Amino acid sequence: MSSHADGTLVPVTATHLARMLQFGDSMLPIGGFSFSGGLESAIQKGVVTDVASLGEFTRTAVEQAARGDGIAIVCAHRAALVGDIEELLRIDARVYARKLSSETRSMSTKMGRKFTELGAHVTGAATMRA
């Protein structure tokens with residue numbers, strides 16, 4: 001089962017399920033494999049030197065994503081459910097402003113664009129088209 005914005009439950013069809021699974025596929029073609037989230041720089045600067053420091057770097061990256069992008073995703077989902085495009089634009093601007101390095105901003109923008117293109121293709125949602 002799934003739910004509409006009004007909270008009513010609707011059955012998940014095979015097509016709907018296939019579309020959702022497409023977004024969860026590790027082979028999602030949006031270019032995420034091309035970006036390391038700053039790992040190369042961390043290695044070059046001596047921040048990551050071994051397995052333990054790699055674990056710390058990864059844990060910090062995940063915590064930062066959860067506290068930043070993760071919260072933004074929840075807020076964006078809520079705004080999308082009610083069709084509040086202006087709020088979605090405000091959220092996007094805030095998330096972009098939090099990306100401090102040019103690598104992170106470029107990664108976020110490129111992956112976001114590819115994800116949106118894929119979303120428009122898979123779902124046919126008119127609001128996702130440029």
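These questions and answers cover the salt bridges and one buried serine in a predicted model.

User: Why is S53 called buried?
Analyst: Buried means under 20% relative accessible area. S53 has 11% relative accessibility, so S53 counts as buried. The residue sits in helix α3, residues 51–81.

User: What is S53 in contact with, leaving aside its neighbours within four places in sequence?
Analyst: S53 is in contact with V47 and V48.

User: What makes K99 and D69 a salt bridge?
Analyst: The cut-off is a Lys or Arg side-chain nitrogen within 4 Å of an Asp or Glu carboxyl oxygen. For K99 and D69 the N to O value is 2.8 Å, so the pair qualifies. K99 lies in the loop between α4 (85–98) and α5 (102–123), D69 in helix α3, so the bridge ties together parts 30 residues apart in sequence.

User: Is K99 buried or exposed, and how do you know?
Analyst: K99 has a relative accessible area of 11%. That is under 20%, so K99 is buried.

User: Why is D69 called partly exposed?
Analyst: Partly exposed falls between the 20% and 50% limits. D69 is at 30%, so D69 is partly exposed.

User: How do you know that R90 and E87 form a salt bridge?
Analyst: Their closest N and O atoms are 2.9 Å apart. That is within 4 Å, so the pair counts. R90 and E87 are three residues apart in helix α4, about one helical turn.

User: What makes E117 and K114 a salt bridge?
Analyst: The N to O value is 3.4 Å. The limit is 4 Å, so this pair counts too. Both residues lie in helix α5.

Note on methods
Residues are numbered from 1 along each chain as its sequence is written. This is a predicted model: local features need pLDDT of at least 70, side-chain atom pairs count only at pLDDT 80 or more; totals for chains, interfaces and linings use all residues. Side-chain values use heavy atoms; hydrogens and water are left out. Helices (H or I, at least four residues) and strands (E, at least two) are DSSP runs, numbered from the N terminus. Buried means under 20% relative accessible area, exposed over 50%, partly exposed in between (1.4 Å probe, protein chains only). Contact means heavy atoms within 4.5 Å.
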